[in-house]
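Let's take a walk through this fold together, one neighbourhood at a time. Keep the model open beside you and turn it as you read.

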Amino acid sequence: MSTTRTTVRYESVRTTAIGNFITLLSQATLFDYAAAQRWYDEAGAFAASLQGLRPTWNMEVCASVVSAFSPRVTWAHNKAKALQYAQGITPKGLRSHVAAADRCVVDGFNGLKGPKTNAFARAIAGDRDAVVVDVWMCRAAGLAKDAPTAVEYRAIADAIRTIAATPTVCMAPATLQALLWIIVRGKAE
């Protein structure tokens, strides 16, 4: 894609996402805000609990292992698979998730190849500037597909960071992303 077309696509996705996200925020309840504020703290506590089973794993490894099992599963299944893996049990499912978890044990965040799983691990580990763009965030942004290109991912993440920094919102980008995700999904699970 040419530089001009890339810039145009970035700006188009970012502008549409900002408008859609602002509309979604007007639908947020106090419950949604409270759930979003807790989401990554609770995910981080779960990841940290894996250290009880694997004392040699640091928080980066724990969060990365959790993230390795995240694509296309519910949060409950994600946690169950990460817990099985930490117990030395090979979870049922995609071998690619197990291979990613194996890489994460050695390389931490660098064991995750995709921007979504990498950002998810970083957010779980406490990086509140990390923005996860998954299928639900693509839908919230108005993207007509479930998997963004690198340009679209960056545009959606930057839209969230822009809104998060406004005086009327003023929250961490990861928390805003969690809030938008909760609104679109209709639940915090």
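**A walk from a buried glycine to an open pocket**

Setting aside residues up to four places away in sequence, Gly 111 touches Ala 100, Arg 103 and Cys 104. Please keep in mind that this is a predicted model. You will find Gly 111 in the loop between α5 and α6. Is this glycine buried or exposed? Gly 111 has 0% relative accessibility, so it counts as buried. For a sense of distance, look across to Ala 150: its C-alpha atom is separated from that of Gly 111 by 18 Å, and the two residues are 39 apart along the chain.

From this loop, step back into helix α5, where His 97 is found. His 97 has a relative accessibility of 9%, and as buried means under 20%, this histidine counts as buried. Leaving out neighbours within four places in sequence, His 97 is in contact with Ala 68, Phe 69 and Pro 71. Ala 68 brings us to helix α3, where it is one of the buried residues.

Helix α3 is worth a slow look. The helix spans residues 59–68, and it is mostly covered, with eight of its ten residues buried. The buried ones are Val 61, Cys 62, Ala 63, Ser 64, Val 65, Val 66, Ser 67 and Ala 68. What lies over them? The cover of these buried residues includes α2, α4, α5 (95–107) and α6. Ser 67 gives a good close-up: its relative accessible area is 0%, so it is buried. Apart from residues up to four places away in sequence, Ser 67 touches Leu 112, Thr 117, Phe 120 and Ala 121.

Follow Phe 120 now, for it leads to an aromatic group. Ring pairs link Phe 120 with Trp 39, Tyr 40, Phe 46 and Trp 75 into a cluster. The count of aromatic pairs comes to eight. One to look at is the pair of Phe 46 and Trp 75, which is edge-to-face, with 6.3 Å from centre to centre and 75 degrees between the planes. Why does this pair tie together parts that are 29 residues apart in sequence? Phe 46 lies in helix α2 while Trp 75 lies in helix α4, so the pair joins those separate parts. Both Phe 46 and Trp 75 are buried.

Tyr 40, another member of the cluster, also opens the way to the nonpolar core. The largest such core has 66 residues, and Phe 21, Tyr 40 and Leu 176 are those with the most contacts inside it. Helix α8 (residues 150–164) gives the largest share of this core, nine residues. Beyond its neighbours within four places in sequence, Tyr 40 is in contact with Phe 120, Ala 123, Ile 124, Arg 128, Val 132, Ala 174, Gln 177 and Ala 178.

Ile 124 has a link to Glu 42 as well: their C-alpha atoms are separated by 8.5 Å, though the residues are 82 apart along the chain. Glu 42 is found in helix α2. With a relative accessible area of 48%, Glu 42 is partly exposed.

Next, turn from packed side chains to open space. Rolling a probe the size of a water molecule over the atoms shows where empty space is left. The largest pocket holds about 650 Å³ of space. Which elements give two or more residues to its lining? They are α2 (30–49), α4 (75–86), α6 (115–124), α7 (135–141) and α9 (173–185). The lining has 27 residues, and Ser 70, Arg 72, Lys 116, Asp 134 and Val 135 lie nearest the pocket's centre. By class, 16 lining residues are nonpolar, five are polar and six are charged.

Arg 72 deserves a stop of its own. This arginine is found in the loop between α3 and α4, and its relative accessible area of 67% makes it exposed. Most residues other than glycine have a negative phi. Arg 72, however, has a positive phi of about 60 degrees although it is not a glycine. Cys 170 also has a positive phi, near 45 degrees. Look for Cys 170 in the loop between α8 and α9, where it is exposed with a relative accessible area of 60%.

Key
Residues numbered from 1 in each chain as written. Predicted model: local features only at pLDDT ≥ 70, side-chain atom pairs only at ≥ 80, totals over all residues. Heavy atoms only, no water. Core = buried A, V, L, I, M, F, W, Y, C linked by side-chain atoms within 4.5 Å. Buried < 20%, exposed > 50% of the residue type's maximum accessible area, 1.4 Å probe, protein only. Helix = DSSP H or I, 4+ residues; strand = E, 2+ residues; numbered from the N terminus. Contact = heavy atoms within 4.5 Å. 1 Å grid on protein atoms, 1.4 Å probe; cavity = no way out; pocket = protein on both sides within 12 Å on 5 of 7 lines; lining within 4 Å. Points joined across faces, edges and corners; volume = space filled by probe spheres on them. Nonpolar A, V, L, I, M, F, W, Y, C, P; charged D, E, K, R; others polar. Phe/Tyr/Trp six-rings, centres within 6.5 Å; stacked < 30°, edge-to-face > 60°.
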